[in-house]
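The following exercises introduce a protein chain through its metal site, its overall form and its aromatic pairs. Each task is followed by a solution in steps.

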Amino acid sequence: MTEQKFSETSPVTSPAGLRDPAGPVSPGPGAVAALWPLGPDQARLDPGGLLGQWQRRNAEDTLPHCVDNLHRAGNIGNLRAAAGEQDTAFAGMWFADSDVHKTLEAAAWELGTSPGDEALRSFVEDTVALLARAQQADGYLNSYFTVVAPDERWRKPDWSHELYCAGHLFQAAVAAARTGVSPELVTVARRFADLLVERFGPDGVEEVCGHPEVETALAELYRLTGHRPYLDLARRFLDLRGRGLLGHGRFGPAYYQDHVPVREAREVTGHAVRQLYLLAGMVDVGVETGDHMLLDAAERLWEDAVHRRAYVTGAHGSRHRDEAYGDPYELPADRAYAETCAAIASVHLNWRLLLATGRARYADEMERALYNAVAPAVSSDGRHFFYSNPLQLRTGHTSSGEEAAARRLPWYSCACCPPNIARLMASLHGYLATAHDDGLQIHLYASGSVDAVVAGAAVSVDVRTEYPWEGRIELTVSGETAVPWTLSLRVPAWCDAYTVRIDGGPVMAPARDGYIRLTRVWAPGTTVVLDLDMPVRHVTAHPRVDAVRGCVALARGPLVYCLEQADLPPGTVLEDVRLDPAAPITAIHRQDLPDIPVVINLGGQVAHAGDSLYVTGRRRERPGTPLTLTAVPYFLWGNRSEGPMRVWIPVATS
Ligand SMILES: [Zn+2]
């Protein structure tokens with residue numbers, strides 16, 4: 001067995017047959033990338049596995065719920081008004097069209113795997129036709145600025161979200177074309193994109209959008225069409241950023257990342273979703289143009305975000321006021337903003353960085369965000385959502401609005417998050433694995449299968465696993481190749497020990513750079529069993545994270561756990577509970593809780609700290625009766641009852 005280190009191989013061009021049809025991110029033939037995504041028909045999630053369950057719930061509940069709410073909240077009516085077909089007041093936020101576009105994108109990915117969903121197909125056909133009718137003669141398409149404020153068109157780039165909405169339209173069109181669901185939407189998108197090139201292109205207006213998004217979307221539209229001016233415009237928008245073109249605004253230019261040229265930025269700043277979407281655009285343009293300064297800057301900013309400003313859940317953004325990153329280590333658990341869209345953006349960004357570099361740290365971070373920052377936003381019924389995702393909900397919590405809700409809500413006045421969840425979940429199978437000239441790489445473990453053309457032949461890997469509840473992953477290779485190829489399996493950074501067996505026999509398979517690489521001429525039916533050790537882990541934060549000093553978080557496998565009031569004895573106040581570090585801690589399989597297969601039992605006590613808010617000298621807590629605590633996966637919190645919760649648990653000091 002030899003080892004291959006693909007992150008150090010020279011950049012490759014797309015192997016034939018891998019990109020048609022393509023998934024959510026599909027580098028072009030000349031791109032500089034380490035790994036290549038599979039097409040959406042080359043990876044499948046088994047509905048029995050957790051990720052497959054999420055995808056099925058998305059199709060059966062979240063997506064129809066989004067469609068219903070687009071009608072109910074008036075987003076569809078806005079477009080009808082723009083088409084001159086009804087005369088109603090504009091409803092919702094001025095960027096309400098983006099929710100339509102995101103839902104269309106989700107529907108396209110879903111129809112790509114489930115073409116028989118007639119209701120969803122009707123939604124796509126009707127909405128695409130409506131968008132075509134609402135589009136202006138010159139290609140412009142935005143219901144707010146068509147119906148409400150035609151004189152304001154292109155007048156307020158810091159605020160208008162016109163290019164942001166255009167970006168989501170382009171991404172919907174790319175999804176609809178790649179899945180063959182609606183090539184017609186590409187015509188609408190290109191008419192608008194051509195208008196953007198004409199207005200903002202090389203000799204055009206020097207402006208950027210206050211909310212990045214169009215950059216990554218234009219790069220994807222270029223990848224779909226091969227039309228270079230779209231990529232050039234994406235690059236131009238990046239190049240123009242940091243010159244103060246957006247003005248100071250309410251929160252200053254760092255809020256929308258216009259304070260410094262993107263290649264020179266050293267810290268993530270401002271609105272977290274904008275920052276992360278901008279980074280995604282930087283990676284896309286960097287990969288397509290070979291601009292290493294863009295990629296280097298993106299990796300540098302990723303390090304700042306992940307090493308100094310991300311929550312233990314992988315969530316981004318700690319400030320409510322401007323939905324923004326805080327100072328380094330400013331990570332309050334109870335006041336976490338942690339917008340769902342920022343977590344989705346993190347998945348998008350990490351996937352792009354993984355493709356660009358092949359570095360396992362991006363797959364690790366993508367997994368962390370998916371399980372602990374995206375998944376908590378959706379209720380078990382798939383029809384209720386968090387906008388912000390606190391890591392602690394206190395006893396006596398009072399909500400300061402939708403963005404600090406104590407429970408998931410069915411919809412929001414700013415409904416950016418639910419359709420964003422829908423488009424990620426509908427395309428989730430696209431994030432499992434990648435291919436390279438000489439092999440297949442599996443990054444996320446889930447029951448399902450992946451196919452690829454490797455070493456000139458079609459191969460398939462069937463995956464069976466209870467992950468993330470168990471660490472055993474069973475893979476069966478089929479397809480016949482006459483030459484060796486490499487099956488690469490990620491060993492997550494949280495995993496300290498694992499074993500590998502091939503056809504039942506143990507093999508030595510040292511992980512290098514986060515991956516086990518198994519190279520051989522694979523006989524059809526060969527089985528590989530990877531057993532990842534999955535003990536419960538105590539996680540502590542850097543001491544500069546003052547907000548959680550003296551606390552630990554619990555994790556097992558990729559999942560972060562939390563305590564909920566629902567699991568405490570009556571009368572116990574969650575804030576008074578302490579973890580006993582000397583007590584045994586065990587993962588327990590619960591047959592009686594079908595939605596929570598594995599809980600963690602640990603020893604704790606209820607501390608008595610007295611009533612004084614402040615005391616002179618060191619406060620001494622009187623330890624109370626020991627009790628057994630039950631921690632549940634954080635992504636499942638708030639599904640049984642509304643009530644206090646905490647991820648970070650104070651450790652008993654006496
Ligand atoms: Zn959002």
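Donors are N, O and S atoms within 2.8 Å of the metal. The model treated here is predicted.

**Exercise 1. Determine which residues bind the zinc ion and what geometry their donor atoms form.**

Step 1. The protein donors of the zinc ion are Glu339, through OE, and Cys341, Cys416 and Cys417, each through SG. They lie 2.1 to 2.3 Å from the ion.

Step 2. Along the chain, these donors follow the spacing E-x1-C-x74-C-C.

Step 3. Glutamate 339 belongs to the loop between α11 (292-308) and α12 (340-357), while cysteine 417 belongs to helix α14 (residues 417-426); the pair therefore ties together parts 78 residues apart in sequence.

Step 4. Four donors count as tetrahedral if all angles lie between 85 and 135 degrees. Around the zinc ion the angles are 99 to 118 degrees, so the arrangement is tetrahedral.

Step 5. Both glutamate 339 and cysteine 417 are buried.

**Exercise 2. Establish how compact the chain is for its length.**

Step 1. The secondary structure consists of 14 helices and 22 strands.

Step 2. The radius of gyration is 25 Å, and the globule rule gives 26 Å for 654 residues. Because these values are close, the chain is as compact as a globular protein of that length.

Step 3. The C-alpha trace spans about 75 × 65 × 50 Å along its principal axes.

Step 4. Of the 654 residues, 60% count as buried. Among contacts with a separation of 6 or more, 69% are between residues 24 or more positions apart.

**Exercise 3. Classify the pair formed by tryptophan 94 and tryptophan 159, then the pair formed by phenylalanine 170 and phenylalanine 192.**

Step 1. The whole structure contains 26 aromatic pairs.

Step 2. Planes under 30 degrees apart count as stacked, and those over 60 as edge-to-face. The rings of tryptophan 94 and tryptophan 159 have centres 4.7 Å apart and planes at 20 degrees, so this pair is stacked.

Step 3. Tryptophan 94 lies in the loop between α2 (75-82) and α3 (97-113), and tryptophan 159 in the loop between α5 (143-147) and α6 (162-178), so the pair ties together parts 65 residues apart in sequence. Tryptophan 159 is partly exposed, at 32% relative accessible area.

Step 4. For phenylalanine 170 and phenylalanine 192, the centres are 6.3 Å apart with 75 degrees between the planes, and the pair is edge-to-face. Phenylalanine 170 is in helix α6 and phenylalanine 192 in helix α7 (residues 184-200), 22 residues apart.

Step 5. Phenylalanine 170 is buried at 0% relative accessibility, and phenylalanine 192 is buried with a relative accessible area of 0%.

Notes: Residues are numbered from 1 along each chain as its sequence is written. This is a predicted model: local features need pLDDT of at least 70, side-chain atom pairs count only at pLDDT 80 or more; totals for chains, interfaces and linings use all residues. Side-chain values use heavy atoms; hydrogens and water are left out. Donors are N, O and S atoms within 2.8 Å of the metal (3.2 Å for Na, K and Ca); water is not among the atoms, so sites may look incomplete. Four donors count as tetrahedral if all angles lie between 85 and 135 degrees; four count as square planar and six as octahedral if opposite donors are over 155 degrees apart and all others between 65 and 115; anything else is irregular. Helices (H or I, at least four residues) and strands (E, at least two) are DSSP runs, numbered from the N terminus. Buried means under 20% relative accessible area, exposed over 50%, partly exposed in between (1.4 Å probe, protein chains only). The radius of gyration is taken over C-alpha atoms; the globule rule is 2.2 Å times the number of residues to the power 0.38. Contact means heavy atoms within 4.5 Å. Rings of Phe, Tyr and Trp (its six-membered ring) pair if their centres lie within 6.5 Å; planes under 30 degrees apart count as stacked, over 60 as edge-to-face and the rest as tilted.
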